[in-house]
Structure formats: structure tokens, C-alpha cells
Amino acid sequence: MTEAIGQSNIPREEIDYINVHGTGTPSNDLSEGLAIRRIFGEKVPAFSSVKAFIGHTLGASEGIEAVYSVLSVYHGFIYPNLNFRKPAEETGLIPETSFREGLPIRNVLSNSFGFGGNDSSLLFSTLKDK
């Protein structure tokens, strides 16, 4: 995430939404949450995972999650995090649980994690004013 933000030259304060991978496993979600806290501190942008919508797509998850992220930028969408129960005590992070649209989203960070440590973070941005 840090490298994607750094290479984009977009300050982390200007990230409007994070499309987290959200594996649904306690250890992976905790790791992602701790990384988000480390990068954003107390000013964590809105975030949620589309994993419950797309399932376990293995190698296709990065592409599918990228499409959702582009749609977030283009249409101002934030997707609901389905099946969320309670935040990890170590982070206290709570994802978005309702669909929101028409938001002024300019920059979306998208995380994708694969088996064997194949991880990626991409930053999608628009130059147009909303």
C-alpha cells in the first residue's frame, strides 16, 4: 500500500476509499487492518471488501477488484461489506456496511492478496472534478 501511494504521488490524506481484500479470516484481516492503521493512523478512509460478492476467484480477484475500484472512482460508489460482525479488537476498524453512491471519490486504493504471498495494491485516480 505504501509503495502504491508513493508511486502515485497522491498524498495518503487524499485517498477517499479503500477496496480492501478482506479475506474473512481473522489473521489475514488483522494483518490488513494493522497495515491500514499503520499507514493512515486515526484518519482511515472509508473502506470495505467486495469479497463476499465475488467469492474466491483465485487469480482473477485482482482484476475483478480493480474493476470495482474503477467503478468507485467513475460513479462515486462505496460498496457494502457483507457479513461484517465485529471489529478486530487490535484495530477497532469498522467497514462500510451500506451501499453509497454519488460520492466525490477521486482516489481509490485497492488491495488484492493471493495464495503464496502474491499481493498487490493499486491506486486508481481521476483527474476530473466532481
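At 32% relative accessibility, Arg100 counts as partly exposed, and that makes it a handy place to start a tour of this predicted model. Arg100 sits in the loop between α4 and β3. Its side chain makes a polar contact of 3.1 Å with the side chain of Glu96. Setting aside residues up to four places away in sequence, Arg100 touches Gly76, Phe77 and Ile78. Leu34, on the other hand, is 66 residues from Arg100 in sequence, and the two C-alpha atoms are 25 Å apart in space.

## Aromatic rings

One of the residues touched by Arg100 is Phe77, which leads us to the aromatic rings. The structure holds four aromatic pairs. In one of them, the ring centres of Tyr68 and Tyr79 are 5.0 Å apart and the planes stand at 85 degrees, so this pair is edge-to-face. Tyr68 belongs to helix α4 (residues 61-75), while Tyr79 is in the loop between α4 and β3; the pair links distant parts of the chain, eleven residues apart.

Phe77 and Phe99 make another aromatic pair, a tilted one, with 5.2 Å from centre to centre and 55 degrees between the planes. Both Phe77 and Phe99 lie in the loop between α4 and β3, so their pairing ties together parts that are 22 residues apart in sequence.

How do these rings come together? Tyr68, Phe77, Tyr79 and Phe99 form one aromatic cluster. Their surroundings can be described by accessibility: Tyr79 is buried, at 6% relative accessibility. Phe77 is buried as well, with a relative accessible area of 18%, because the cut-off for buried is under 20%. Phe99 is partly exposed, with a relative accessible area of 42%.

## Two buried polar residues

Tyr79 also brings us to Ser48, since the backbone oxygen of Tyr79 lies 2.6 Å from a polar atom of the Ser48 side chain. Ser48 is in strand β2 (residues 46-49). Is Ser48 buried or exposed? With 0% relative accessibility, Ser48 counts as buried. The side chain of Ser48 also has a polar contact of 2.7 Å with the side chain of Tyr17.

Beyond residues up to four places away in sequence, Ser48 touches several others, including Ile18, Asn19, Val20, Ile78, Pro80 and Pro95. Glu96, the polar partner of Arg100, is also among the residues that Ser48 touches. For Glu101, 53 residues along the chain from Ser48, the C-alpha separation is 14 Å.

Asn111 is found in strand β3 (residues 107-113). Asn111 counts as buried, at 0% relative accessibility. Which side chain makes a polar contact with the side chain of Asn111? The partner is Ser121, at 2.7 Å. Leaving out neighbours within four places in sequence, the contacts of Asn111 include Met1, His21, Glu32, Glu65 and Ser120. Ile18, Asn19 and Val20 are in contact with Asn111, and these residues are on the contact list of Ser48 too.

The side-chain polar contacts met so far are gathered here.

| Side chain | Partner side chain | Distance |
|---|---|---|
| Arg100 | Glu96 | 3.1 Å |
| Ser48 | Tyr17 | 2.7 Å |
| Asn111 | Ser121 | 2.7 Å |

## The largest pocket

Rolling a probe the size of a water molecule over the atoms reveals where empty space remains. The largest pocket holds about 650 Å³ of space. Its lining is made up of 27 residues, and Gly24, Asp29, Asn81, Phe84 and Lys86 lie nearest the centre. Asn81 is also one of the residues that Ser48 touches.

Which element gives the most to this lining? That is α2, with six residues. Helix α2 (26-40), β2 and α3 (51-54) each supply at least two residues of the lining. By kind, the lining residues divide into twelve nonpolar, nine polar and six charged.

## Two asparagines with positive phi

The tour ends with the backbone of two asparagines. Asn9 is in the loop between α1 (2-8) and β1 (17-20). Phi of Asn9 is positive, near 60 degrees, in a residue other than glycine. Asn9 is exposed, with a relative accessible area of 70%.

Asn83 is in the loop between α4 and β3, where Arg100 is also placed. Although Asn83 is not a glycine, its phi is positive, about 65 degrees. Asn83 is exposed, with a relative accessible area of 58%.

Notes:
Residues numbered from 1 in each chain as written. Predicted model: local features only at pLDDT ≥ 70, side-chain atom pairs only at ≥ 80, totals over all residues. Heavy atoms only, no water. Helix = DSSP H or I, 4+ residues; strand = E, 2+ residues; numbered from the N terminus. Buried < 20%, exposed > 50% of the residue type's maximum accessible area, 1.4 Å probe, protein only. Contact = heavy atoms within 4.5 Å. Polar contact = N/O pair within 3.5 Å; in protein donor to acceptor, adjacent residues only side chain to side chain. 1 Å grid on protein atoms, 1.4 Å probe; cavity = no way out; pocket = protein on both sides within 12 Å on 5 of 7 lines; lining within 4 Å. Points joined across faces, edges and corners; volume = space filled by probe spheres on them. Nonpolar A, V, L, I, M, F, W, Y, C, P; charged D, E, K, R; others polar. Phe/Tyr/Trp six-rings, centres within 6.5 Å; stacked < 30°, edge-to-face > 60°.
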